[in-house]
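Let's take a walk through this one together. Have the viewer open and follow along as we go.

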Amino acid sequence: MTRRRTVAVGIALGVSSSFLLVAPFLFKPYGIFILSTWAVMTVAAIGLNLTLGYAGQVSLAQAAFVGIGAYITAFLTTNGWSFWPICALAGVACFVIGWGLGYPALRLQHHYLAFVTLAFNTLVYLVFRNEEWLTGGIYGISNVPRPSLAGWSMNGAHAFYYFCLAVLALVASAIWWLIRSPWGRAFVALRENPIRAQSLGVDTRRYTLMAFALGAGLGGIAGALYAPLVQFIDPTPFALGLSLNLLLMVVVGGSGYFFGPFLGAIIAVLLPEWLRFAQGYYLMGYAVLVILLMVFCPTGLLGLADRLLTSTAKAAPVAAPEVS
Amino acid sequence: MLTDILQLFVAGLATGGIYALAAIGFTLLWQTSQTINFAQGEFVMLPAFFVLIGMGFFGLPFWAAALIGVAVSIVTLGLMFKKLMVDPMLNHGVLPLVIATIGLAILMKEAVREFYGADAWPFPPLVAATNVTVFGAALAVQSLAVLGISVAAVTILQLFLNKTRTGRCMQATAQNPTVARLLGVPVERMILYTFLINAALVALASLLITPIYLAKFTNGELLGLYAFIAAIIGGFNQVRGAIVGGLVLGVIDNFTAVYISTQYRLVIPLLFLIVVILFRPQGLLGRVEERTV
């Protein structure tokens with residue numbers, strides 16, 4: 001990492017985290033709600049980044065995992081369970097389901113995980129919509145309570161926003177640690193060159209599966225946050241569209257970059273709200289941005305920034321790409 | 001009872017024929033240029049709107065608008081798709097192109113909604129909506145016509161691929177581009193032909209299916225999924241496979257809707273897809289692809 005790059009990352013990080021901390025005092029409740037949604041979607045996108053950016057597999061089921069986490073949380077909290085064990089349960093359940101789904105699909109390389117997850121997402125959506133006894137069908141589950149921490153209720157928009165932010169910070173630190181551990185190194189190795197990684201003794205299938213299942217687990221945790229955030233759960237948000245949207249978030253931000261999902265979620269969650277007047281034109285512009293990025297810079301916006309920073313810093317040695 | 005089954009079977013074959021048209025194009029693109037086109041469903045949705053624009057804004061009769069619609073589709077969805085999107089990305093590998101086609105699908109959908117409207121528009125059928133009675137079963141003439149046209153299109157395509165020099169060059173390109181190039185096959189041009197053929201097939205599918213489903217900007221979502229499933233269960237690397245996959249899927253789909261559950265209509269095809277991927281990943285008719293290091 002060049003010094004220039006470190007400085008740039010440091011400044012961006014400082015500015016954005018201080019913005020996030022004071023943000024609730026600048027916005028109306030709806031603005032805070034959108035920022036909380038951003039935090040939740042970033043957690044889901046961080047999970048997908050693990051699958052896509054670090055293990056190089058396309059998953060189109062992240063929305064299904066968010067949905068499963070959300071429904072587990074909504075169903076159990078409205079039946080009187082306390083939030084904390086449920087949050088863990090949502091993460092673990094999605095991890096296990098992800099493992100079970102990825103295990104057979106990853107026997108076959110190529111793009112079969114994409115197809116299997118595509119089918120899985122649609123199936124899960126149909127179950128949410130049709131099994132009324134469990135999920136409430138199209139009427140959904142309403143009045144999902146918000147959790148409290150050591151007697152401190154998080155019913156208010158401010159409190160819950162800080163809670164989402166804290167979970168995001170926790171997840172981000174865990175992943176930061178993970179990708180620097182031997183596991184993370186193995187993830188990167190199998191993305192960069194799976195055959196070489198295998199010949200160096202990395203069990204590629206197991207690590208790919210682990211990355212996918214961990215990504216699914218984070219999807220579940222995002223779902224566990226989403227349910228109390230919106231306090232009403234119905235099947236529509238968890239259709240294939242959200243999976244595609246999360247995938248685009250990761251890619252636009254910069255897949256394989258630690259901060260890629262953060263930036264991607266800003267573009268996919270925050271910008272549309274601020275550019276509401278543009279309506280359908282915003283989505284068209286977004287689609288064009290995705291296509292242009294893929295043509296000119298498949299590593300996303302952070303990849304583009306990286307490229308600009310390294311090309312202007314002539315004296316600096318070539319930066320090791322895509323580690324952070 | 002038996003007549004019901006016959007009716008359902010013919011209707012299933014008819015929709016299956018349309019799925020097959022979309023699925024064949026899908027596999028052709030994969031074979032020759034490793035393009036997984038996530039916008040294939042939107043490719044089927046769009047040509048109908050070209051025709052509607054031709055009829056509405058320029059006041060053309062249906063047949064002229066249909067011809068121009070197909071021509072416009074071949075230029076935009078074939079030539080421009082290849083030159084502007086696929087070619088610049090050839091060196092980036094499969095993944096960026098997958099993402100870009102997802103972006104393209106969103107762009108096409110939103111553009112239609114923004115510039116044409118979110119309603120379902122009626123679309124003129126190719127033949128009158130009457131029934132003929134065969135063995136006591138009332139069969140829709142429309143289904144029979146759709147089936148006949150798709151079978152004819154597929155037969156012509158198969159003859160072209162197997163009997164003509166260009167067709168055989170295209171197959172050589174699909175099987176081994178390096179050797180094909182060494183043997184003097186103009187590989188680039190052959191790849192372009194597959195994109196043009198794909199565009200023609202989706203335009204035809206659009207003309208056949210839109211009278212049934214009406215023209216709506218969201219049509220592509222389900223159609224893309226079906227084309228996808230048909231291509232995979234038949235065999236991702238086989239034109240024959242896509243035909244069989246499409247027909248099987250159409251029949252299963254119709255029988256599920258009537259005899260099992262309309263709510264879970266999609267479930268059987270999806271489960272079928274997962275089972276095929278798990279136990280016969282090369283597809284029902286496919287051959288195992290050898291991977292090179």
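Is A:Pro194 buried, exposed or partly exposed? Keep in mind that this is a predicted model. With 18 other C-beta atoms within 10 Å, A:Pro194 comes out as partly exposed, because a residue needs 20 or more such atoms to be called buried. You'll find A:Pro194 in helix α9 of chain A, which covers residues 194–199. Now look for A:Gly56: in sequence A:Pro194 and A:Gly56 are 138 residues apart, yet their C-alpha atoms are 9.5 Å apart in space.

Staying in chain A, move along to A:Gln231. This residue isn't a glycine, but its phi is positive anyway, at about 60°. A:Gln231 sits in the loop between α10 (204–230) and β4 (232–233) of chain A. Like the proline we began with, A:Gln231 is partly exposed, here with 15 other C-beta atoms within 10 Å.

Next, zoom out to where the chains meet. On the chain A side, 29 residues are in contact with 32 residues of chain B. Which elements of chain A give two or more residues to that side? They are α4 (83–105), α5 (112–130), α11 (240–253) and α13 (280–296). Of the side of chain A that touches chain B, α13(A) supplies the largest share, ten residues. The make-up of this side is worth a look too: 25 residues are nonpolar, four are polar and none is charged.

Cross over to chain B and start with helix α1, residues 2–33. Does its length fit a regular helix, or how far apart are its end C-alpha atoms? At 1.5 Å a residue, the 32 residues of α1(B) should span 46 Å, and the end C-alpha atoms are 45 Å apart, so the two figures agree. Of those 32 residues, 23 are buried, so α1(B) is largely enclosed by the rest of the structure. Just after α1(B) comes B:Gln34, with a positive phi of about 50°.

A bit further on is α3(B), residues 62–86, which holds B:Leu67. B:Leu67 counts as partly exposed, with 13 C-beta neighbours inside 10 Å. Try drawing a line from B:Leu67 to B:Leu2: the two are 65 residues apart in sequence and 40 Å apart in space, C-alpha to C-alpha.

Then there's a little hairpin in chain B. Strands β1(B) (residues 131–134) and β2(B) (residues 137–140) run antiparallel and are joined by four bridges. Across the pair, B:Val132 stands opposite B:Leu139 in β2(B). Two residues lie between the strands of this hairpin, and B:Phe135 takes a positive phi near 50°.

Now for helix α6(B), residues 165–175. Which of its residues are buried? The buried ones are B:Cys169, B:Met170, B:Thr173 and B:Ala174. They cover an arc of only 140° around the axis, which puts them on the same side of α6(B). On the other side of α6(B), B:Arg165 and B:Gln175 are exposed. And what covers the buried residues? The cover includes α1, α5 (141–163), α7 (177–182) and α8 of chain B, so here we meet the helix α1(B) again as part of that cover.

That list also brings us to α8(B), our last stop. α8(B) has 27 residues and reaches 38 Å from its first C-alpha to its last, close to the 39 Å expected at 1.5 Å a residue. There is a kink, though: α8(B) bends by about 30° at B:Leu207, shortly before the proline B:Pro211. Is this helix mostly buried or exposed? With 19 of its 27 residues buried, α8(B) is largely enclosed by the rest of the structure.

Just after α8(B) you reach B:Leu214, in the loop between α8 (187–213) and α9 (219–234) of chain B. Its phi is near 65°, a positive value in a residue other than glycine. B:Leu214 has 14 C-beta neighbours inside 10 Å and counts as partly exposed.

Key. Residues numbered from 1 in each chain as written. Chains lettered and ligands numbered in written order. Predicted model: local features only at pLDDT ≥ 70, side-chain atom pairs only at ≥ 80, totals over all residues. Contact = placed C-beta atoms within 7 Å. Nonpolar A, V, L, I, M, F, W, Y, C, P; charged D, E, K, R; others polar. Pairing = 2+ DSSP bridges. Expected span 1.5 Å × (residues − 1). Buried ≥ 20, exposed ≤ 12 C-beta atoms within 10 Å, placed from the backbone. Bend = angle between axes of the 7 residues up to and from the residue. Arc of directions from axis to C-beta.
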